[in-house]
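Here are a few exercises to work through at your own pace. Try each task before you read its solution.

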2 protein chains.
Amino acid sequence: MQHATSSRDTKAEIHRAAVDLFSTQGYDKTSLREIAEQVGITKASLYYHYSSKQQLLRAVVGTFLDDLFEVLRLTETMEWSSENEREALGAYVDVVIAHRATGPTLLRDIAAVLAAFGDDLDELIARSRRFQLWLAGPDPTAADRLRAAAAVETIGAAMSAELDLSVSEAEIRAVLLDAATAVLARRGTPVGE
Amino acid sequence: MQHATSSRDTKAEIHRAAVDLFSTQGYDKTSLREIAEQVGITKASLYYHYSSKQQLLRAVVGTFLDDLFEVLRLTETMEWSSENEREALGAYVDVVIAHRATGPTLLRDIAAVLAAFGDDLDELIARSRRFQLWLAGPDPTAADRLRAAAAVETIGAAMSAELDLSVSEAEIRAVLLDAATAVLARRGTPVGE
DNA sequence: GTCTATACCGAGATAGAC
DNA sequence: GTCTATCTCGGTATAGAC
């Protein structure tokens, strides 16, 4: 049964090599020849396992987007309330923290990810928008919606920040949740000075 | 004097076409042939005006980065104080708002921008880091630094948000400044739950 | 000083032999 | 499953027309 095992291994090895090279060099700068070389096969052989370079990218960042999708879907069944808001934000932070290793790749190569997922991403984007609107609270002003957007951005700091510091995941979670809440607390405040 | 004027026009037209196509399609998916076509010249003719596709990208997002650089440089001469902090944040928001049209291109094609600016960007990144550290305030904890990162992210909402709404630039400025300040106000707070 | 014709190389992708 | 050979298209480079 060399064939079956070897096949599974090869596909897994390609995946590993892709995760590795994409995260260090970026998507564009990584060629299929390079990946094939690292695995020890030919460029053309890759195509037996993955039908395109984009499919390979999908395999790499797919789980992240799936989890994100799940969280956003969850909030759509919730009425807005401050407790639910806290729960939703918490779930969101959890996903971002859990995947923050693949995060940089995702952030740096958004263009490629957008291209790779195409229309599949439209629904995720739509849900993100609805999530932001939900976060803006009942009867939001334009300023409130901007605040909601800012609150979400806040959470993204988990990826971009240098997290080599001595901060536990629990601490990151607490700090960012607190930050997002602080921004949202400004809702309803009159704009101006 | 057709030559001189035609030359300047051509270069400007290439620039315009690039801004246009990059922002709608993204950097990678826009080919030089496509740009040349839109201008009405040959692919090779582009080469006379811009020595590479990367140089064209530099021309497009360059002023944004220059302005950002200038703001970050400015803050380095300042002692930290809450008034100075407010001023620095204000200047930062102003730059982001002023360039928010080219912002999406910058955000989506970071990978390409990083490649195009290469080492030139290292200093900007270093300054950004110092800015964040400065924002964290005197004797910051790790949590405070995370808060500073989150505050900066907040301001980025000016780009990613759908700004077709009826929000004036002054309003955006006020809201985001307020949001960033709210996040920073949590500095020193013990991390709990 | 401005542009075209043309060639080059490396990329992703496909067809078909083994 | 994996290979070789081949195709197309992208960015790049140069020689030379006007």
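**Exercise 1. Work out how the two copies meet and how they are related.**

Keep in mind that this is a predicted model. Begin with the interface: 97% of the interface residues of chain A are also interface residues in chain B, so the copies meet through the same surface. Next, superpose them: chain A can be laid on chain B with an RMSD of 0.3 Å, using a turn of 179 degrees and a shift of 0.1 Å along the axis. The two copies are thus related as by a two-fold rotation axis.

**Exercise 2. Find the residues with the most contacts inside the largest nonpolar core, and list the contacts of A:Ile35.**

In general, nonpolar side chains of soluble globular proteins tend to be buried together. Here the largest nonpolar core has 119 residues. Those with the most contacts inside this core are A:Ile35, A:Tyr92, B:Ile35 and B:Tyr92. Now set aside the neighbours of A:Ile35 within four places in sequence: A:Ile35 is in contact with A:Ile14, A:Ala17, A:Ala18, A:Leu21, A:Phe22, A:Thr30, A:Leu46 and A:Leu56.

**Exercise 3. Locate the UniProt annotations on chain A and describe each span.**

An unreviewed UniProt entry gives "domain: HTH tetR-type" for residues 8–68 of chain A. That span is 80% helix and 0% strand, and its end C-alpha atoms lie 28 Å apart. For "DNA-binding region", UniProt (unreviewed entry) lists residues 31–50 of chain A. Residues 31–50 are 75% helix and 0% strand, with end C-alpha atoms 14 Å apart.

**Exercise 4. Classify two aromatic pairs of chain B and decide whether their members are buried or exposed.**

Over all chains, the structure holds six aromatic pairs. One of them joins B:Phe22 and B:Tyr27, with centres 5.2 Å apart and 65 degrees between the planes, which is edge-to-face. Residues under 20% relative accessible area count as buried. B:Phe22, at 0% relative accessibility, is therefore buried, and so is B:Tyr27 at 8%.

B:Phe131 and B:Trp134 form a stacked pair, 6.4 Å centre to centre with 15 degrees between the planes. Both belong to helix α8 (residues 120–135) of chain B, and being three residues apart they are separated by about one helical turn. B:Phe131 counts as buried at 3% relative accessibility, and B:Trp134 is buried with a relative accessible area of 15%.

In chain A, look for a cluster: A:Tyr92, A:Phe131 and A:Trp134 form one.

**Exercise 5. Which rings have a lysine over them, A:Tyr27 and B:Tyr50 being the places to look, and at what distance?**

Start with A:Tyr27: A:Lys53 lies over its face, 4.4 Å from the ring centre. Then turn to B:Tyr50, where the charged end of B:Lys11 sits over the ring, 5.1 Å from its centre.

**Exercise 6. Name the buried residues of helix α7 in chain A and say what covers them.**

In helix α7 (residues 110–117) of chain A, the buried residues include A:Ala111, A:Ala112, A:Val113, A:Ala116 and A:Phe117. Their cover includes α4 (53–75), α6 (103–108) and α8 (120–135) of chain A, together with α6 (103–108) of chain B. Just after α7(A) comes A:Gly118, with a positive phi of about 50 degrees.

**Exercise 7. Find a residue other than glycine with positive phi, and place it.**

A:Asp139 fits, with phi near 50 degrees. A:Asp139 lies in the loop between α8 and α9 (142–160) of chain A, and at 75% relative accessibility counts as exposed.

Notes. Residues numbered from 1 in each chain as written. Chains lettered and ligands numbered in written order. Predicted model: local features only at pLDDT ≥ 70, side-chain atom pairs only at ≥ 80, totals over all residues. Heavy atoms only, no water. UniProt positions renumbered as here; feature names shortened; annotations may be inferred. Helix = DSSP H or I, 4+ residues; strand = E, 2+ residues; numbered from the N terminus. Core = buried A, V, L, I, M, F, W, Y, C linked by side-chain atoms within 4.5 Å. Buried < 20%, exposed > 50% of the residue type's maximum accessible area, 1.4 Å probe, protein only. Contact = heavy atoms within 4.5 Å. Least-squares fit on C-alpha atoms with pLDDT ≥ 70 in both. Phe/Tyr/Trp six-rings, centres within 6.5 Å; stacked < 30°, edge-to-face > 60°. Lys NZ or Arg CZ within 6 Å of the ring centre and 35° of its normal.
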